[in-house]
Structures are given as C-alpha cells and as structure tokens.
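Work through the exercises below with the model open. Each task is followed by a solution in steps.

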Number of protein chains: 2
Amino acid sequence: VLQQRVVLARIPRGFVAEEDLRLAEEAAPGPGDVVDGEMLVRVLDLSIDPYLRGVLAGRHLGSAAVPLGGLVPGRSIAEVVVPSSGHAVGELVCVETGWQEWAIVRAADAQRVSMPEGVPRSAALGVLGMPGLTAYAAVTRFMALTPGDTVVVSAATGPVGSTAGQLARLAGCLTVAVVGGPEKARLATEYFGYAASVDRRAPDWVDRLAAACPDGVDAYLDNAGGEVLRGVVAQLAYGARVVLCGLMDQYNDGPPSVLPATPLIGRRATLHGLVVYDHEDLRPRFTARVATLLRDGRMRLLEERHAGLAAAPGAFCRLMRGENVGKVIVEVASRDADT
Amino acid sequence: VLQQRVVLARIPRGFVAEEDLRLAEEAAPGPGDVVDGEMLVRVLDLSIDPYLRGVLAGRHLGSAAVPLGGLVPGRSIAEVVVPSSGHAVGELVCVETGWQEWAIVRAADAQRVSMPEGVPRSAALGVLGMPGLTAYAAVTRFMALTPGDTVVVSAATGPVGSTAGQLARLAGCLTVAVVGGPEKARLATEYFGYAASVDRRAPDWVDRLAAACPDGVDAYLDNAGGEVLRGVVAQLAYGARVVLCGLMDQYNDGPPSVLPATPLIGRRATLHGLVVYDHEDLRPRFTARVATLLRDGRMRLLEERHAGLAAAPGAFCRLMRGENVGKVIVEVASRDADT
C-alpha cells in the first residue's frame, strides 16, 4: 500500500513557499513493521504550527534538523490501528506522526484523547493541546493577574492567543487583542470576547493600543516579536509582566527581535521567556479546567480546516503569512465512525 | 557669608564635560533662614552618581529637570548645624543637599548616619546607601541564588556592582566581573574577590566571558546596557535571572539599549527592571546585614575621594567615562572632630 507524505524540498528563506515542500509517495508502514512498544496509527487531523518554520530551517531548539527529502514533522490526532499494551484498536491518540497518512509511533509518546461532549477531537491540537498549555502556563504561572488588570495579547485569535485572552477575561481582566487585519480585529471582540482589538497593520496602531489601554499594559503575552513587541513594551504599566513565547516575525527570517531596556527598568517590569515543554506539570489541571470551560461554553475555539494532506503545504504558508483564521488543521483522513 | 555651589551651565550632550557645570558663589543660608521642620546642615561628603547625568538632561524619572544656572542635585553626608526636633547639633545625616557647602533641608528627609566601628561615614552614600540597597534588592529579591550559581555583574567594581558581587560570593556563587580596563579587572579579583574578571574593552571579551562561565550565566546584574548587556544575555544558562538597574551606556546619550528576545525565550530567562526607590522596605534588614559584613571584614568597600567642591565637576566627568575606581566622593568639608 502506498501513502502520501510531505517532505522538505528546499530550506525556506523568508516566508515559506509551497515549493519548499513536496508531496511524495512511498510504501505505507504495515502491521508487520510494528515492534514491541510501538503502534501503527492512521493520521486523522494534522496540526500545522508556526514553530515548524524554525524546525525546517534547522534552528528550533530541541528538534533535530530535517534533511532535504526528509519528512516534515508534526503532531496529529491519529487512530490506533495496531495497538500496544494499554491502548485499544480505534482509540484516538495525540502523537508526533509527521506529515503523512500512516505512522509507527512509540506507545509511550502517545497521549489518549478524550474530549468533553461537543468539543471536537482536534481541540487536543489547539486549545486543549500544546498551544493551549502555552497560554495556560503564561497566564497562570507568569502573569500574576488581578481582576481589573489590562492584558494585551498578540496573535490574539490564534490558538495560543485566544486561549490566553479568554482565560484573562474570565479572570476579570480588561483584554486587548493585537491582530493582523480588520477581519481578525472584528473576530477578536465579537467571537473571542476581547474588550478591544487593534490591527497592527494600521499605521497608527500604537496610538490605538494606547487608547485601548488608558492605564497602561499590566500583562502582555507576546507571540509576535518585532515591531509589535517593541510597540507594546512602550505601553507597559508599573510592575508589568511580559511573557515571551513566540517570535512570529523572526520565524520568517525577520531581523532578530529586540526589547528596549529603558521601559523595562522605568516601569519595573518582569519578563519571562516561556517554552511550553517546561510546563508539563500543569497539564492535568490545565486539561481539566479548559475542558470544563469549553464544555460550558465559557471559552470558544476556532479552527481553519483544510481537506487532504496535499493541502498541508498551502495551509502552512497561509499560517506563516498570518492569513489563517484560528487554529490550522489538515484533515488527512476521516474516521469510519465520523462518516 | 558666601558659599560655593555647582550649577548647570549647559545641558550635557554625550559624555558630560567640565564646561557643562560651573562653580558659583552666593550667600550661604544662615540660622535665620531655617523655618519649622527644617535644619541647616554643612555638607561634608558629597556623593557623585551616574543617575545625575539623566537628571541634568531632564530625563530622570521622578526628578525635576535642573534649569540652566540651577543647583546640581546630589546626596551628602552632612553635619547638623541648626537642628530640628529629634536631631542634635553635630549629628551626621544623609540627605539631599545638592552640590554646595551649606544647605537647608527638611528634617523629615534626613536619615541619621551611624556606622559600625571602622566603617567610614561615607559608606552611607555607597555600600550602605542607595547603591548598596540597589545591589541588595537585586540579589535578594530577584536573583533567587543557589550556591554554585554563576553570577555576572557589570560595572563590577562600582558601589552597586561590588556590593552585588560580594553578596553573591558570600552566598556561595561563582562570581564573574565585567569591567572597563585591566586595572579594574585586577581589582575585581584581588580586592573584591570575584572568581574571574573580564575587561569589556578587549575585542574578544565575549569569548573570555564564555570561558569564565562554562555552565552559562545563572544570574546577571546589568549596570551597563548597550553591548555589554547584549553580550552577557547571549551567555545565559537555562532559567537565568537578569536584573536591569542602570544603563550607563545610554546615560551618555548612547543609542537606546536593547535586549535580544531569542535567548530570553530559549533559556527561559526571567528579567526584572529594578528601581531602588521601590525597595525601601528592605532597608532595615539591608543595613543590618551589610553593616555587619563590613564590620567583620567579610565585605569591602572602595572609594575614590576628591578634595573640595571645585573638584566635583571633574570627578563627575571621570565617573561618567568609567575612569573612576570605586565609589566617587567629594570631600566638601571636614568635621572639626575629624581633624
């Protein structure tokens, strides 16, 4: 049996292009290829994430570089076809599979997926997955929020940003979204419940941000880097907390992002660099809390779904240009039960 | 009776020049000028501090701008000549007097000075004063030190840096000094007990710093900004703590200091902007601890003393060029008891 997979055709420069990735066919792994402790899984929903841009350029900490012709890495929701002990056939797991239809994975690396009623399984890749945990760690571990604080979030409608923004709102804070484009600005307030939103592409966005934050910015979650980071840091309130967790600008080979030191001193700011892998200890509480909020309709999620593995390169390019709306998922296969 | 004072002759640009300040003569205040709640004091030791550069340029937060012809501000150890209730004639106080021989001060602003045996009164302007409190707050409140941590301090032989470096050494840390010039590099290790020192003027200073910190930098107190800040941040260890408390480079109209965001995220760093005024609550404990350490000879101080108010402008210029060695004090007058 042949399967499709997406491989690296060329190291991306600047914005990733579809030609940097290539669809390939090869023999799919079968039950006979599974050894002890492994499982054969079928990929259903593939997660498309910004950090992959750094992996493809060989500069993501903790990830091996991808050779030319090598499989593009990525996490998926997958269905267990050949189980290992402790797993069952047909069970859904969240696991690193890469961009392909079938994968052999170590059972120890696979997390069982179980969603509350009404929450799509793919939430395990977004609001209930790594992006959500990133936001949860940022908000609960580093932001030290008090009701009434002004909290600014960049990339505010993405899975990290929208989780953080909603958690901060539920904690009684005034939340302000920084987004790219008027559509996302509308979405931020109307769908995700931010009190205000600012389109960073507007020439006067810093003035608009200042107007939306009359008492300054008490906490800021940066997913942007670059000019957005500098602009928000200039608006910090006394005692502000800044969490850095992604540098979208820099992923696309933008210049190294920098922070101005003067406002950090003058406003007595605290800044934290966050890498989600450090915060696995929060996962049980995070999963319980956010699943309940989703189930009760107090938090919302938003996904942009693409059909078929062949759509993955284009979906990734959209994401890296900020043209996506919500968490980007590629539906590689449907479960029999779903259709 | 006439007195000497130093006034602002010209707003400094770049490095402050002696011509930016001017010695003036005017009638000294007398007992008849003292109203209720005030005291007449005679300045003995005048403190010369880097933050004054920003005050003279009208850009120091929380300080009024100095008009042309206006008195240069500054703290002193002064002797009470006409006391207020709660003070006695001949008592020593630490108080804002400006750069002049006599001053009328509010009694409420004057702190009584009492030093342990063998510690000079001028320590109240350095290691036991604002610079020392800055270092103490940085080390005890923000550095979260563990014995064995590698702690880097810039401007490491100045009053802030040398206090921080010695406190960190006494806390069981490997301390590394970043200083300007070979003389200070020698002083850092031989006099202040740093384990190693690096001359930031050496072209390969970053490599030397890396060699002195084989496990990376766990905590960094920045008094420098500019290139030094960027160079040390590139060497941070995982979980590093950075405290920003001064930007010498920028005081001299250098370009705004910036921090690179990538290492702050990758090393999961925490950064704190420190302004000493926020940490007055630490003062009693700070004074008790550091006074004891000085008295017992476990900590050392170093002063560069200049004689006479006329020497103050030159001393300030030396300080801002980093040519001073230790805390800069101008001895404006001697106490009768001292001679």
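Buried means under 20% relative accessible area, exposed means over 50%, and partly exposed lies in between (1.4 Å probe, protein chains only). Helices (H or I, at least four residues) and strands (E, at least two) are DSSP runs, numbered from the N terminus.

This is a predicted model: local features need pLDDT of at least 70, side-chain atom pairs count only at pLDDT 80 or more, and totals for chains, interfaces and linings use all residues. Residues are numbered from 1 along each chain as its sequence is written, chains are lettered from A and ligands numbered from 1 in the order in which they are written, and side-chain values use heavy atoms, with hydrogens and water left out.

**Exercise 1. Confidence**

Task: state what pLDDT chain A averages, and give the ipTM and pTM of the complex.

Solution. Step one: pLDDT is the predictor's confidence in each residue, from 0 to 100. Step two: chain A averages 94, and 99% of the residues score at least 70. Step three: the predictor gives the complex an ipTM of 0.87 and a pTM of 0.90. A caution for reading any model: where pLDDT is low, the predicted coordinates should not be read in detail.

**Exercise 2. A helix and its surroundings**

Task: decide how many residues of helix H10 of chain B are buried.

Solution. Step one: H10(B) covers residues 312-320. Step two: list the buried residues of H10(B). They are Ala312(B), Pro313(B), Gly314(B), Ala315(B), Phe316(B), Cys317(B), Leu319(B) and Met320(B). Step three: 8 of the 9 residues are buried, so the helix is largely enclosed by the rest of the structure. Step four: look just after H10(B), where Gly322(B) has a positive phi of about 75°.

**Exercise 3. Aromatic pairs**

Task: count the aromatic pairs over all chains, then classify the pair of Tyr136(A) and Phe286(A).

Solution. Step one: a pair of aromatic rings is described by the distance of the centres and the angle of the planes. Step two: rings of Phe, Tyr and Trp (its six-membered ring) pair if their centres lie within 6.5 Å; planes under 30 degrees apart count as stacked, over 60 as edge-to-face and the rest as tilted. Step three: this rule yields 6 aromatic pairs over all chains. Step four: the ring centres of Tyr136(A) and Phe286(A) are 5.5 Å apart and the planes stand at 50°, so this pair is tilted. Step five: Tyr136(A) sits in helix H2 (residues 130-142) of chain A and Phe286(A) in helix H9 (residues 283-295) of chain A, so the pair ties together parts 150 residues apart in sequence. Step six: Tyr136(A) and Phe286(A) are buried.

Now turn to chain B. Tyr136(B) and Phe286(B) form a tilted pair, 5.5 Å centre to centre with 50° between the planes. Tyr136(B) belongs to helix H2 of chain B and Phe286(B) to helix H9 of chain B, so this pair also links parts that are 150 residues apart in sequence. Both Tyr136(B) and Phe286(B) are buried.

**Exercise 4. Two crossing helices**

Task: describe how H5(B) and H6(B) cross.

Solution. Step one: axes are lines fitted to C-alpha atoms, for helices over the stretch in contact, and angles run from 0 to 180 degrees between N-to-C directions. Step two: the axes of H5(B) (residues 205-212) and H6(B) (residues 226-233) come within 10 Å and cross at roughly 40°. Step three: that makes H5(B) oblique to H6(B); angles under 35 degrees count as roughly parallel, over 145 as roughly antiparallel, 65 to 115 as roughly perpendicular and the rest as oblique. Step four: the crossing is right-handed. A crossing is left-handed if the near helix is turned anticlockwise from the far one by less than a right angle, and right-handed if clockwise. Step five: find the contacts, meaning heavy atoms within 4.5 Å. Trp205(B), Val206(B) and Leu209(B) in H5(B) meet Glu227(B), Val228(B), Gly231(B) and Val232(B) in H6(B).

**Exercise 5. Positive phi**

Task: place Ala155(A) and Ala144(B), and state their accessibility.

Solution. Step one: most residues other than glycine have a negative phi, and most peptide bonds are trans. Step two: Ala155(A) has a positive phi near 45°. Ala155(A) lies in the loop between strand S8 (150-154) and helix H3 (159-170) of chain A, and is partly exposed at 39% relative accessibility. Step three: Ala144(B) has a positive phi of about 45°. Ala144(B) is in the loop between H2 and S8 of chain B, and is exposed, with a relative accessible area of 56%.
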